[in-house]
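Visitor: I'm new to this structure and would like a close look at a single part of it. Could you pick one spot and then walk me outward from there?

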Amino acid sequence: MNVNVNKIEKGDRKMNLPFKIDLSGKVAVVTGAGGILCSSMAEALAQCGAKVALLDLNEEAAKQSAETITAQGGIARGYQANVLEKGSLEEAHKKISKELGDCDILINGAGGNHPRATTDKEYFSMEDLKEDVKTFFDLEQGGVEFVFNLNFIGTLLPTQEFARDMVGRKGCNILNISSMNAYTPLTKIPAYSAAKAAVSNFTQWLAVHFAEEGIRVNALAPGFFVTNQNEKLLYREDGSPTERTGKILAATPMKRFGMTEELIGSVLFYLCDEAAGFITGTVLPIDGGFSAYSGV
């Protein structure tokens with residue numbers, strides 16, 4: 001089978017937006033902004049006129065992404081923040097309020113998986129108990145807790161912190177990052193799949209909770225995009241695709257991975273009150289048809 005295996009380009013070229021919305025005067029906070037996908041979202045918001053705060057556990061990565069935006073004429077600042085520590089978020093919030101202003105837009109992009117919460121094989125076999133294979137029974141509680149906390153608590157705590165700025169004001173938005181495996185769990189990664197399902201459910205809960213305040217809450221559910229986090233799982237050292245990549249693309253009707261820019265249109269649509277002002281509590285799959293395909 002011939003498939004289009006595209007790797008996401010890394011570089012400082014300015015993103016070409018599919019369309020622009022007016023975010024002038026708004027302050028956007030993006031967590032996980034040291035990574036490829038969330039830094040691209042931050043760049044898009046800055047091109048639309050927002051002042052952007054890029055938060056990441058890796059301060060250097062956040063600042064580098066902010067510098068790229070600044071060099072392109074946007075307004076951005078990078079901050080160190082741990083989405084699992086309220087004190088760290090409070091400290092970042094104080095700096096953002098002083099340097100950029102109150103938060104109007106929050107993108108909860110921090111998340112990820114961990115080997116300690118991942119099985120070695122897709123299917124269990126009794127023979128695995130006799131071999132050096134990490135089965136479901138060997139998953140470490142600490143690893144599972146880390147993955148669940150990073151994705152769910154790492155969405156809850158930033159929302160508690162920055163949504164305080166939004167109450168009593170119009171035109172504020174929260175955009176969470178779920179995953180297509182919140183719909184159908186992928187093999188090997190039970191903790192990550194469960195955590196993203198929790199993010200989708202939490203998105204709906206928040207949308208109802210804040211509805212009378214006018215804060216809209218939605219989520220994106222990306223399919224397979226090549227990032228720093230998963231690149232080694234999808235490609236071998238020589239650049240050839242792994243067996244798992246072949247299975248992913250065989251189950252993706254569009255027969256390729258997503259490109260970073262293909263998330264941006266959905267981000268801008270959700271954040272545009274004129275276009276999406278009556279949309280809240282939704283989770284949008286962006287997966288090349290993966291979640292729709294039965295395999296037959």
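Guide: Let's begin with Asn-181, whose side chain is joined to that of Ser-179 by a polar contact of 2.8 Å. A second polar contact, of 2.9 Å, links the side chains of Asn-181 and Ser-193. Please keep in mind as you look that this is a predicted model.

Where does Asn-181 sit along the chain? You will find Asn-181 in the loop that runs between strand 5 and helix 5, the helix covering residues 190–209. Is Asn-181 buried or exposed? Its relative accessibility is 3%, and because buried means under 20%, Asn-181 counts as buried. Setting aside the neighbours within four places in sequence, the residues in contact with Asn-181 are Leu-186, Ile-189, Tyr-192, Ser-193 and Lys-196. Ser-193 therefore appears both in this list of contacts and as a polar partner through its side chain.

Strand 5 takes us on to another element. Residues 173–177 form this strand, and the buried residues of helix 8 pack against it. They also pack against helix 1 (36–47), strand 4 (105–108), strand 6 (216–222), helix 9 (273–276) and strand 7 (283–286). Helix 8 itself spans residues 261–271, and it is largely enclosed by the rest of the structure because eight of its eleven residues are buried. Those buried residues are Leu-263, Ile-264, Gly-265, Ser-266, Val-267, Leu-268, Tyr-270 and Leu-271.

From strand 4 we can move to one more loop, the one between strand 4 and helix 4 (141–162), where Asp-128 lies. With a relative accessibility of 3%, Asp-128 counts as buried. Beyond its neighbours within four places in sequence, Asp-128 touches Lys-121, Tyr-123, Val-133 and Thr-135. To get a sense of distance, try Asp-128 and Tyr-79: they are 49 residues apart in sequence, and their C-alpha atoms are 45 Å apart in space.

Phe-136 is also found in the loop between strand 4 and helix 4. Phe-136 has a relative accessible area of 58%, so it is exposed. Together with Phe-124, Met-126, Leu-129 and Phe-137, Phe-136 makes a nonpolar surface patch of about 610 Å².

Finally, a word on confidence. The protein chain has an average pLDDT of 92, and 93% of the residues score at least 70. Residues 1–11, however, have a pLDDT below 50, although this stretch makes 32 contacts in the model beyond near neighbours in sequence. Where pLDDT is low, the predicted coordinates should not be read in detail.

Conventions
Residues numbered from 1 in each chain as written. Predicted model: local features only at pLDDT ≥ 70, side-chain atom pairs only at ≥ 80, totals over all residues. Heavy atoms only, no water. Buried < 20%, exposed > 50% of the residue type's maximum accessible area, 1.4 Å probe, protein only. Helix = DSSP H or I, 4+ residues; strand = E, 2+ residues; numbered from the N terminus. Contact = heavy atoms within 4.5 Å. pLDDT = per-residue confidence, 0-100. Polar contact = N/O pair within 3.5 Å; in protein donor to acceptor, adjacent residues only side chain to side chain. Patch = residues over 30% accessible without salt bridge, like charges linked within 9 Å, V, L, I, M, F, W, Y side chains within 5 Å. Areas by Shrake-Rupley, 256 points an atom, 1.4 Å probe, with all protein chains shown as cover. Salt bridge = Lys/Arg side-chain N within 4 Å of Asp/Glu carboxyl O.
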